Amino acid sequence: MTTDPTRPVSPREPGTKGPSGTKPQLGSGLTSMELRFHVITVLAAVYLVSWRVITAGSAPPADPPPPPMPSAPAIPRQDTPASTARIDGVARRPWYTVPAGWHVVDWDSVRALAPRKLERAPASRPVRVRTRSS
Amino acid sequence: MWTFQAMNTEVTVSAPALGDPAERTLAVDVAALFEQAERRFSRFREDSELTQLNRATDAITVSPEMLEVLVQARSHVDHTDGVFDPAIGAALIAAGYDRSFAPGALDRAAATTAAPRARFSDLAIDVQHRQVRRPPHLQIDLGGLVKGRTVDRAASLAPSLAMIDAGGDVALRGAGPDDAGWLVDVEDPADARRVLMTLRVRGRCVATSAPNRRSWRTGSGSAHHLIDPRTGRPADSDLAQVTMIAPTTEEAEVLAKVAFVLGAAAATHVLAQRADVGAVLVLRDGLLRVVGDVEVADA
């Protein structure tokens, strides 16, 4: 069947082919590709709404969300970028699991393990005792 | 000879027969002992085990080290009929000793108050389960006792010729650098620049009780740290100072306190019953009394 290129193009009747190479059209006037796109879009919207409904109605999570970072500026080490901070300078509860057999040592006790400052007594100081109550 | 600061005093370690590196190593080990003791037994540290015990409202489980000290303290209380009693924490606080001592730091215009009478024997100690229950009004102060014990432990690390001096609580091992006895200068409690007499001590320990270095002003007058457990107030005997010589620093510390609280006559009577101790009593009227096994150096 030949076509007259001068003939104005009229809406295709259902079931008829359009210009050669095009896909058949359905009754809604959409191509199958366009229909697939719309179906996927609708399904995605339904999923999104359903998920929000489900999560809004569910129980609170077992673990509370981490507290926000403190507003005090972090204290970076000199050899690290300014955006980082020492872990012992961050005032928030650590979010890790302590392995079995380990325990968290507070910083004061670690610091206290450092030896006391020893001083050498002058050689001229006599080795004798002075009684005193202290 | 090496020094370091611990228990709010200067600690001196001397082992004349050791070379420098070995003597320093000894000093490091001694410093570690004092650090451990202070972390556990200081009533001025918020995180010490003693502070936890003094704040406990129910029975608590204590460490083996704490249990050992509490049991030993109870033994001293029993042997001294309560004249030595570590349950003076509340009395010390009431007298004004509520923080670590520094000259002038405890002075206050307010008058002191009396604390409720507390007895160490009221402390319930379950040795088997290491559980201790403290009555609410009972506060424990282990300062002197622990310092003496720590000096003794430090001395056990030292060679046969050594001196461990923690602010006047001293362990003297051997016969001194010249084998003629360690020289011990008895300070004048009225003038720290003066020496009243010099002793020679061989293989024994020394401790001194006197109010002169830890006293402060209050609205009631002056106060000091040597509490009479029988009254709950600073002791008011006829003694200005007691220097005690005993086989261990712990014993010397306990006996010095007991003698100071009892006064010259009663102290002389108690000390006369012990062949292995000696003392120099300085009375408030200026008299000196030497009791028991004491060697005085030639003038």
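This is a short exchange about a predicted model and how some of its labels follow from the values.

Biologist: What makes helix 6 of chain B largely enclosed?

Modeller: Buried means under 20% relative accessible area. Eleven of the 14 residues of helix 6 of chain B are buried, so the rest of the structure largely encloses this helix. Among them are B:Ala252, B:Val254, B:Leu255 and B:Phe260, and also B:Glu250 and B:Glu253.

Biologist: How do you know that the span of helix 6 of chain B agrees with its 14 residues?

Modeller: The expected span is 1.5 Å times one less than the number of residues. For residues 249–262 of chain B that should give 20 Å, and the end C-alpha atoms are 20 Å apart, so the two agree. After the helix comes B:Gly263, with a positive phi near 95 degrees.

Biologist: Why is strand 2 of chain A said to stand at an edge of the sheet?

Modeller: The open sheet has four strands in the order 2(A)-8(B)-9(B)-18(B), with mixed pairing. Strand 2 of chain A and strand 18 of chain B each have a single partner strand, so one side of each has no neighbour in the sheet.

Biologist: What makes strands 9 and 18 of chain B a pair?

Modeller: Pairing needs at least two bridges. Two bridges join these antiparallel strands, so the condition is met. B:Arg200 stands opposite B:Glu295 of strand 18 of chain B.

Biologist: Which elements of chain A have the lowest and highest mean pLDDT?

Modeller: Helix 2 of chain A has the lowest, 51, and strand 2 of chain A the highest, 94. Over residues 8–15 of chain A pLDDT stays under 50. Where pLDDT is low, the predicted coordinates should not be read in detail.

Note on methods. Residues numbered from 1 in each chain as written. Chains lettered and ligands numbered in written order. Predicted model: local features only at pLDDT ≥ 70, side-chain atom pairs only at ≥ 80, totals over all residues. Heavy atoms only, no water. pLDDT = per-residue confidence, 0-100. Contact = heavy atoms within 4.5 Å. Buried < 20%, exposed > 50% of the residue type's maximum accessible area, 1.4 Å probe, protein only.
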